[in-house]
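User: I'd like to learn how to read ring contacts and surface patches. Can you walk me through a case?

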Amino acid sequence: MKKSLLVLLFGLFACLQVQGQFWFDISAKGGWGPTFLFHENIFDDATVKHKFSSGAMFGGKLGLNFGDRHAINLDVEMGKFSQKFDRSGFDSILTGLINEYTNVSYTGLNLSLLYRKIDRGRYLEIGPSMVRISDDERFNSSNWGAVFGFGRALAGNDRFALNIGMRFRYVIDDINSPLAAIQHYPGDEIYPEYKGSHPLTMAMYLELDWAVGTWGTSSCYKRRKFVFF
């Protein structure tokens, strides 16, 4: 799956019609939205329910834009993921003790390489992503996934743009470390068969873009030659 995502992304890169001009931008961004843990054993356990959980993200990107329609973006973000559970059949004290261990929460560094297609102020983006989790023995340090997003420009001029968008990030790898897998984390009992944990994040983003340079001619950058501001 990892190789397929990379082949798709670089295939799109190779097919871009550069048409003699490209430009760079840098962005600051932040987002918030619901988070959800896919875990098959917990889905099948009638005593455990997913509670609404959420996380926040902030970071930035460096974009290489081809004409006015195509871009390859390197995104770097810090993101908080959480998943809380509601368990029936236990008193409140015991439930609290179980949840202290089995509730899932981590802060990860999200690195994504995304292709973005832009059309009349709207965009779609897709590409591979890696989530790095440090200093927590329950989780693998590196976990591969995929990102899909869409959005549109709210305002802007020839240098700046304010975008709003929605982004979905799904971790394809099982985030549980070998130690957590032996313990069948995040369940509160040993299930007959081990199943992995796969986080999903759905976040609303605000993104501020700043065009820092152009090369060649561009209809949206007033036919400037290469210059940094």
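User: How many aromatic pairs does a search of the whole structure find?

Analyst: Eleven turn up. Rings of Phe, Tyr and Trp (its six-membered ring) pair if their centres lie within 6.5 Å; planes under 30 degrees apart are stacked, over 60 edge-to-face, and the rest tilted. Take F38 and F43: the ring centres are 5.9 Å apart and the planes sit at 75 degrees, so this pair is edge-to-face. F36, F38, F43 and Y170 make up one aromatic cluster. Bear in mind that this is a predicted model, where local features need pLDDT of at least 70, side-chain atom pairs count only at pLDDT 80 or more, and totals for chains, interfaces and linings use all residues. Residues are numbered from 1 along each chain as its sequence is written, and side-chain values use heavy atoms, leaving out hydrogens and water.

User: Is F38 buried or exposed?

Analyst: Buried means under 20% relative accessible area, exposed over 50%, and partly exposed in between (1.4 Å probe, protein chains only). F38, at 31%, is partly exposed, and F43 is partly exposed too, at 42%.

User: Which charged end sits over the ring of Y123?

Analyst: The rule wants NZ of Lys or CZ of Arg within 6 Å of the ring centre and within 35 degrees of the ring normal. Here that's R116, 3.9 Å from the centre of the Y123 ring. R167 likewise lies over the face of Y205, 5.1 Å from the ring centre.
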